[in-house]
Amino acid sequence: MSERRFTPRKADFPVVRSSVGRSMLAIDSLLKTYPGRGGRAATKALDGVSFTVKEGDFFTLLGPSGCGKTTTLQCIAGLEAPDDGTIRMGSEVVFGSRGGAFVPANRRGLGMVFQSYAIWPHMSVFDNVAFPLVFGGVRMAAASVKAEVMRALEMVQLGHLADRPAPMLSGGQQQRVALARALVRRPRILLLDEPLSNLDAKLRDTMRAEIRALVKSVGITTIFVTHDQTEAIGMSDQIVLMRAGRIVQQGGPRDIYLRPNSVFTADFMGRSNLIAGKAVVEPGAPLRIDTKLGVLVAETDTEFAPGASVVAVVRPQAVRIMPKASGSNSINSFAAWIVSLNFLGDLVEAEVEAGGVRMVLMLNPYDTYEEGSEITLHIPPENCVAVPADDREAAS
Amino acid sequence: MSMALKHSGSGRFMPAFSQQNVVRGLLLLFVSALVLGPVLILIRASVSPAGVMPLETNRVSLEHFQNLLTSGSTWRLIVNTLQYALVSMSIGVGIATILAWLTERTDIPGRFVVRVLMFSWMAVPALVVGFGWILLLNPGNGLLNVLYRELTGMRGYLLPLYSFWTLSIITSFAVVPTAYVMISGLLRNMDPQLENAARVHGGSGTTVIRKVTLPLLVPGLFSVGIYMFMAVVQTFDLPLIIGVTARYPVLSTRVYLLSSPENGLPNYGFAAAFGVLLLVIASGLMWAYLRTVSAGEKYRVVTGKAFRPRRIELGWWKPVAIAFVIIYCLVMALPLLMLLWVSLNTSFVLPSYDALPGLTLDVYRRLLANPVILRASGNTVILVTASATIVMVTSLLIGWFTTRTGSRLGKALDALSFAPMAIPPIVLVLAIVLIYLRTPVYGTIWVIVIAHSTVFLAFGVRSMSSALIQVHSELPNAAIVSGASWLTSLRKVTLPLIWPQFLNGWLWVFAHSARDLTAPLMLLSTTNVVAASGLWNMWQFPDLPGAAALSVMLMGSLLLVVLPFQIYAARRLET
């Protein structure tokens, strides 16, 4: 069975978006500690996580495994209870440690796509999708259940498979059923727990675009958990990057990718060259960094004290290569030579050395360079972001 | 938006997972009452003064333990029990290992039939088999002894029935099916790659078995051995019908005879002291078993992948192996065939060609017209269905809490439900007698239901836990996020997913509840007779044809229920 593309029609799921921009989900200072087992120390899964999600946003929790993104999602779903903090959905407090409020998962009115899809193998496709309508606490006539289920299935282009037993579905079809089941009762918020990680690479690329198109056409607020920065960048309106139970950075995909606020963000969001140095601060002048390479002019959102340890983040695509003849006396231009070239088809990966600093650059495959040739590097100051040096990163 | 979802009304906040908390609290109460109550009462009774009914006094005395420790017969009893358990276990596990290896790892024909027979055999009451053997081997007119005398012209007998060795051999036949099930599981989970590696690097067939297969199996076999040893230490029915006449007393029969003497008053206090002794021995074995199981984890060769091991070609050993299996099956069938023969005659006649025209169904007609038998049948149906249902539903819930939540209460539930494994049924039933003697429940069928619910709880929880652990936690979570309550998710998602294991466990408890004699006999009254205790009464009366007919009916109805499921399960394994 080939995976058919679907193009969701807005008419399928009319949603009144009267108050776009209103906060739909507000998380405040969530704490969660797992007790240590077998003599090991307790782990802080969530250490003061706060964020707000606007209605209709595609909001992504991103981070490496163990960063707390899944725990956060489980707390939002009501499958786990934080130790402390507040979770608000619209105007309703669904968890509040002080008031002792806890709305159980089945009364939060959510839709969720699980990592394994959690399609119940003992039911047909139809019964899977009908479950939230039949057992979801709101009584509904059988006829309207059928109509709603078929509408949800049509929306993911699976109407023709309604009677098929669930185990006889491909991975992509299972995911569509999971989406239909999550959306069928028009939840307030859709939760997606790494829904793409079980698909093969090609299907993942298609589904990425389709999921975004679908939830955008429905207009539903979506919380998406992933460890894959490409997915996060390609799908989100807002990204929260987490590490060790804390939020490292929050922002739009462009912000997070192009203006990281830490070594961790820079490293996690994609390949980057990290050049260590000391901050040279002069009032009224742009930040300069004293590095082995020479003096770098960089942009930053952080206040640095003079002489502070700073890392300049330079993405491999940020650097321009000029012939040696053009000289290295302009700003952020350095003499260098090409150590090695690796032709990868869609790009050429080049390792260059300048002033004892090795950097990786991505070059256009149509340009020709030779290993060992001398060149001049130019790093435009707006492509060079200064972040604080990270002790933990230095240690590893 | 005409059908907008109704969200929970604000201000109506519920405590965390309230439905679960209520169920968990009830479970804890229920299991404590079932398990802790009897143990405490037993210990209390054992330290009551001699000559007083336990629980009628506040005094504490160690008299019973003094008697117990100073009496030379106590040591005799302990040695007897351990010796009996060791010999029965060794023979039984030995036979089971050979059978399991033949059916799991070689190309012997008829594997499917052997597997179904073994699984179904667990439903055949040991009591019934024991009666069959007595009919075959008793010194006077046992069929095999008569044949032996006729064929050789000698006096005496082929095998002394009422002896340690015969008792042990007959018990070992009862050990084989359970041991077979456990060992074939071990073999099936062993990665054949390990054997293939030895073969590729030049090992011959026997070298691979000696140097790789067996050493890998040893930890598993060791724990199976301890488990079966423990089971024999706790066994009661065969030592009662053969061992008592053989003057080979063991701890379990001693507890029974003290609490239900043929004449005189029951000495519950002294029985309880022996019960505590047996409890201590069984707990020690349980501890050893758990130790070997966790040691076995280190050797774990389960890869989690479904694989089909290469079968060893038996070559010219094949006829020998087939002969072994056939002879074993015949030996198992012999006592049942003897019972069938006896049930088809109105009075005891030895099987012969001349007696064939005299065969009749009169005995069955007589039984079915007997109101006691009808009551026993009705009671048995209530007993087995109620016990099986109570055990499995409780086990499902406990299993859910122990596998899904890591809370301290979950662990307490797990430990409590596992404890009956170490409490010998005879001891537990004695404690139940002490608790319920003065209550209206005593003497009804329900007191037996309580006993069986406790005895079989450990098995039920084990089987449900291992089934639930295979169910991805996201499957029930998806139901809860969809708006279903916890109990709905359990009923609509979790239970249907583990339905085969649930049904299998239900049938296991069903069959074992029907075959158990311990509880029905110790708790016997005029109204709560069931098939097993009715059988015992007819045998004692003695009404041999009646007892034989009742045995055949009991066995037949059990197999009728169990066999179809086992055939279905074995089919699923084959494909």
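**Exercise 1.** In this predicted model, determine which strands of chain A helix H1 (residues 69-77) lies across, and at what angle to E2(A).

*Solution.* Helix H1 of chain A lies across E1, E2 and E4 of chain A. Relative to E2(A), the helix runs at about 60°. The open sheet in chain A has 5 strands in the order E2-E1-E4-E5-E6, with antiparallel pairing. Strands E2 (43-54) and E6 (101-102) of chain A each have a single partner strand, so one side of each is left without a neighbour in the sheet. Within the sheet, E1 (residues 23-34) and E4 (residues 84-89) of chain A are joined by 5 bridges in the antiparallel sense. Asp28(A) is placed opposite Thr86(A) in E4(A).

**Exercise 2.** State what span helix H17 (residues 425-436) of chain B should have at 1.5 Å a residue, and how many of its residues are buried.

*Solution.* The 12 residues of H17(B) should span 16 Å, and the end C-alpha atoms are 16 Å apart, which agrees. As for burial, 11 of the 12 residues of H17(B) are buried, among them Pro425(B), Leu430(B) and Tyr436(B).

**Exercise 3.** Establish which parts of chain A the pair Arg176(A) and Glu210(A) ties together, and whether Arg176(A) is buried or exposed.

*Solution.* The two side chains form a salt bridge, with 3.3 Å from N to O. Arg176(A) belongs to helix H4 (residues 171-183) of chain A and Glu210(A) to helix H5 (residues 201-218) of chain A, so the pair ties together parts 34 residues apart in sequence. Buried means under 20% relative accessible area. Arg176(A), at 3%, therefore counts as buried, and Glu210(A), at 2%, is also buried.

Conventions: Residues are numbered from 1 along each chain as its sequence is written. Chains are lettered from A and ligands numbered from 1 in the order in which they are written. This is a predicted model: local features need pLDDT of at least 70, side-chain atom pairs count only at pLDDT 80 or more; totals for chains, interfaces and linings use all residues. Side-chain values use heavy atoms; hydrogens and water are left out. Two strands pair if DSSP finds at least two bridges between them. Helices (H or I, at least four residues) and strands (E, at least two) are DSSP runs, numbered from the N terminus. Contact means heavy atoms within 4.5 Å. Axes are lines fitted to C-alpha atoms, for helices over the stretch in contact, and angles run from 0 to 180 degrees between N-to-C directions. The expected span of a helix is 1.5 Å times one less than its number of residues. Buried means under 20% relative accessible area, exposed over 50%, partly exposed in between (1.4 Å probe, protein chains only). A salt bridge is a side-chain nitrogen of Lys or Arg within 4 Å of a carboxyl oxygen of Asp or Glu.
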